[in-house]
Structure formats: structure tokens, C-alpha cells
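Here's a quick walk through this model, starting with the whole chain and then stopping at a handful of residues. Keep the structure open while you read.

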Amino acid sequence: MKLYYSPGACSLSPHIVARELGLPVQMQKIDNKAKTVEGGGDYWKVNGKGYVPALELDNGEVLTEGPAIVQFLADQKPDAGLAPKAGTMERYRLQEWLNFITSEIHKQFSPLFRPNTPEEYKTIAKENLAKRFAWLDQQLAGKEYLLGSRFSVADAYLFTVLNWSIPMKIDLKQWPNVAAYVDRIRKRPKVKEAMQEEGLIPKQQAAA
């Protein structure tokens, strides 16, 4: 399989999941602005939506949208437990979290990255994020991960988007449980490996 990614973008989520599962996935870097594939190629021809991630399967099919991709990857190795069994209430809880992350956190961050977004709107987006973080802080009280004591694909996604608080200068220490959660996931060996490969952290830090 081939995963199209841009360093630090939401494609970090399936990258982490693939590493946690030990799946052989070829990483294919793209230029998010030019929409070109490293080594040559037009990313628009891979994913007509123009954004990452996209997962090219062994049969040539292309799967898009991060929440769908991470569940697909998890189902390749169900015994690893990164996603509860399909059809169970636990699986629907996972999907509940994935939907919350993509609609209420990921999409609130998106305008903050656009240079043409009015400052007034950026202020509103940050206020919305603060409300979501306050709620999230309550949900994480006494819990190691979103589904309890076991790391899941939802944690890979949430960690990825919460990491954007750094360039946006949002101090997560305002929400102690959220800050501790991010630090906990950042220390996972496979998370460090993924971040190192994308150039997000130096090698010595990844090996620490």
C-alpha cells in the first residue's frame, strides 16, 4: 500500500496507525501547495479532492478521508486492537470520537492555517476550539486514552490535530488532562518514529 502524506498534516494520523500495526506502507510525500507528488506526478490525479491523506491499495483502488483510512488499516490487523470489532457498541463509540475530531477540532483548525482568513474569524475559531478543549479535558479525566486504557486509531487522529496547537500558539496547559494526554502519546515509540520520518522531530529526540 502507498500512503500519500504531507509532513505534519492530518496524514500523520494514518502514518502513526500503520507503524503501530507494523503494516508495510510506502510513504509518498506530496507538496500540499503545488499538489505535486515527490519524484513527479500530479496529486489531483490521485485524489480529486486535492488534500491528504490518500491510501492507494494493492489492487490500485484509492481510499480517502482520514477516519475511513485509519479504520481500514486497523481492520487489516484486528487482533492488534486499534479499533473495536465492527458492529459492536465500542466500534460506534470509536466512530463517534472520529466524527467529533474531524468536525469539531480538525475543521476549526483549518482556517487558522489559511493566510487569507480574516483575523476576526481566527479569533472565533480559537474560541470554538477552547470550548471543545474544555469539554475534551473533562472526558479525559482519569482516562489514559479516548476509549479507556487502550490506544486506538482515534488517539492517533486526535494527537495529530492537537499537535497543531504548537504552530497556532495555543497553550494546552490551560487544559491539564489534554496536555498530559498529548505528552503521553508523543512518547509512544511508533509515534516518535512517524514524526521522525516526516521531519517533525530530530533523530536524537525520536530515539530518546
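## The chain as a whole

Of the 208 residues in the chain, 48% are buried. Bear in mind that this is a predicted model. Eight helices and five strands make up the secondary structure, and from the N terminus on the order is β-α-β-β-β-β-α-α-α-α-α-α-α.

How does the radius of gyration fit a compact globule? For 208 residues the expected value is near 17 Å, and the chain has 17 Å, so the two agree. Along the principal axes, the C-alpha atoms fill a box of roughly 45 × 45 × 40 Å. Counting contacts with a separation of 6 or more, 62% are between residues 24 or more positions apart.

## Surface and charge

About 10,700 Å² of the chain is exposed, and carbon and sulfur atoms supply 50% of that. As for charge, there are 28 positive and 24 negative ones, and their mean positions sit 3 Å apart.

## Helix 1, wrapped up

Helix 1 (residues 12-21) is largely enclosed by the rest of the structure, because eight of its ten residues are buried. The buried ones are Leu12, Ser13, Pro14, His15, Ile16, Val17, Ala18 and Leu21.

What does the covering? Strand 1 (2-5) and strand 2 (26-31) are part of it, and so are helix 2 (66-76), helix 5 (153-162) and helix 7 (189-197). Just past the end of helix 1, glycine 22 takes a positive phi of about 70°.

## Two buried polar residues

Arginine 91 belongs to helix 3 (residues 89-109). Is it buried or exposed? Its relative accessible area is 6%, under the 20% cut-off, so arginine 91 is buried. Setting aside residues up to four places away in sequence, arginine 91 touches Gln71, Asp75, Ala83, Pro84, Lys85 and Ala86.

Asparagine 163 sits in the loop between helix 5 and helix 6 (176-186). With a relative accessibility of 13%, asparagine 163 counts as buried too. Beyond its neighbours within four places in sequence, asparagine 163 is in contact with Arg186 and Met195.

## Asparagine 59, out in the open

For an exposed case, go to the loop between strand 4 (54-56) and strand 5 (62-64), where you'll find asparagine 59. This residue has a relative accessible area of 56%, which puts it over the 50% cut-off, so asparagine 59 counts as exposed.

The side chain of asparagine 59 reaches the backbone nitrogen of glutamate 61 at 2.9 Å. There's also a link to the start of the chain: asparagine 59 and methionine 1 are 58 residues apart along the sequence, yet their C-alpha atoms are separated by 8.9 Å.

## Backbone oddities

A few loop residues deserve a look for their backbone angles. The peptide bond from valine 52 to proline 53 is cis, with omega near 0°, and proline 53 lies in the loop between strand 3 (36-37) and strand 4.

Lysine 35 isn't a glycine, but its phi is positive, near 60°. You'll find lysine 35 in the loop between strand 2 and strand 3, and it is buried at 16% relative accessible area. Glutamate 65 also has a positive phi, about 75°, without being a glycine. Glutamate 65 is in the loop between strand 5 and helix 2, where it is partly exposed, with a relative accessible area of 31%.

Conventions: Residues numbered from 1 in each chain as written. Predicted model: local features only at pLDDT ≥ 70, side-chain atom pairs only at ≥ 80, totals over all residues. Heavy atoms only, no water. Helix = DSSP H or I, 4+ residues; strand = E, 2+ residues; numbered from the N terminus. Rg over C-alpha atoms; globule rule 2.2 N^0.38 Å. Buried < 20%, exposed > 50% of the residue type's maximum accessible area, 1.4 Å probe, protein only. Contact = heavy atoms within 4.5 Å. Areas by Shrake-Rupley, 256 points an atom, 1.4 Å probe, with all protein chains shown as cover. Lys, Arg positive; Asp, Glu negative; His and termini not counted. Charge placed at Lys NZ, Arg CZ, Asp CG, Glu CD. Polar contact = N/O pair within 3.5 Å; in protein donor to acceptor, adjacent residues only side chain to side chain.
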